[in-house]
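Colleague: Please take a close look at the largest cavity in this model. What lines the largest cavity, and where do the lining residues come from?

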Amino acid sequence: MTVFITNWLNCNSKYSNMKNNRITWIFLLVCTASIVQAQFGVGITYGGDFYQRYTNPEDGIADSSSGSAILNSSIGPKIWLGGKDVSLSVEAQVNWGIIGLDRQDFKGLGHLSFPLLANINFGRTSGLSRQDGVGFSLGGGIQYNRTELYGLDQEYIDLGVTREYFPTYIIQAAIGTGISGFAYNVFVRYGFQPDGGTGRTLNIGSSFDMNFLKMREIDDPASRL
């Protein structure tokens with residue numbers, strides 16, 4: 001096969017760019033074959049934060065921070081592409097801090113954030129392996145955040161305090177374990193605003209990932225490891 005491709009590329013051509021076009025097509029075919037051989041997964045990720053803290057952009061009126069260490073939960077869809085040792089995943093979550101508040105300057109309750117993440121997963125947290133073991137992941141994306149979700153005190157509203165969604169760029173590191181499309185991770189996610197923005201976010205928690213397509217292979221003895 002190699003000899004055939006070599007002879008084909010070296011054949012006489014009337015147009016000088018024909019050889020370059022053939023090389024380009026071979027490259028595209030190889031890339032396509034690699035993608036086809038990769039495994040694909042779809043499922044959900046869910047869990048909660050041990051601790052979350054959001055710092056709104058400063059308004060010069062009220063304290064900008066709000067935190068929560070209890071009753072925090074998250075859930076959202078997740079997809080995987082790759083192999084049993086390394087994969088790329090993307091996910092979108094809804095993260096709800098039910099009673100998040102500012103203890104120093106109480107203004108209301110509740111946090112809501114929407115992290116959109118892309119991760120590179122290594123080892124058994126790839127979501128695509130049937131073998132058990134440990135793994136880790138690194139990723140980043142963007143997150144939209146809001147504090148004082150409900151019950152913003154009228155006193156602060158009269159002073160001009162508003163609580164709108166603000167975006168932060170996020171980076172995340174996680175370590176965990178997994179088997180047969182199921183993974184458990186403990187993560188740290190930090191968010192910041194570029195160009196001098198004062199908004200900040202911190203989420204420390206754990207998550208469970210369930211790759212439905214991989215979990216269906218558990219009872220299939222002919223499935224790939």
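Modeller: What follows covers the cavity, then turns briefly to the largest pocket. This is a predicted model, in which local features need pLDDT of at least 70 and side-chain atom pairs count only at pLDDT 80 or more, while totals for chains, interfaces and linings use all residues. Residues are numbered from 1 along each chain as its sequence is written, and side-chain values use heavy atoms, with hydrogens and water left out.

A cavity is a set of points, on a 1 Å grid over the protein atoms alone, where a 1.4 Å probe fits but cannot get out; lining residues have an atom within 4 Å of a point. Points are joined across faces, edges and corners, and a volume is the space filled by probe spheres set on them. One cavity of 30 Å³ or more is counted, and the largest cavity has a volume of about 120 Å³. Its lining has 15 residues, with Lys78, Glu91, Gln172, Asn185 and Ser207 nearest the centre.

By class, two lining residues are nonpolar, nine polar and four charged (Ala, Val, Leu, Ile, Met, Phe, Trp, Tyr, Cys and Pro are nonpolar; Asp, Glu, Lys and Arg charged; the others, Gly among them, polar). At least two residues each come from β6 (109-123), β8 (166-179), β9 (182-192) and β10 (200-211), strands being DSSP runs of E, at least two residues, numbered from the N terminus. β9 gives the largest share, three residues.

The largest pocket, an open set with protein on both sides within 12 Å along at least five of seven lines, has a volume of about 280 Å³.

Note on methods. Helices (H or I, at least four residues) and strands (E, at least two) are DSSP runs, numbered from the N terminus.
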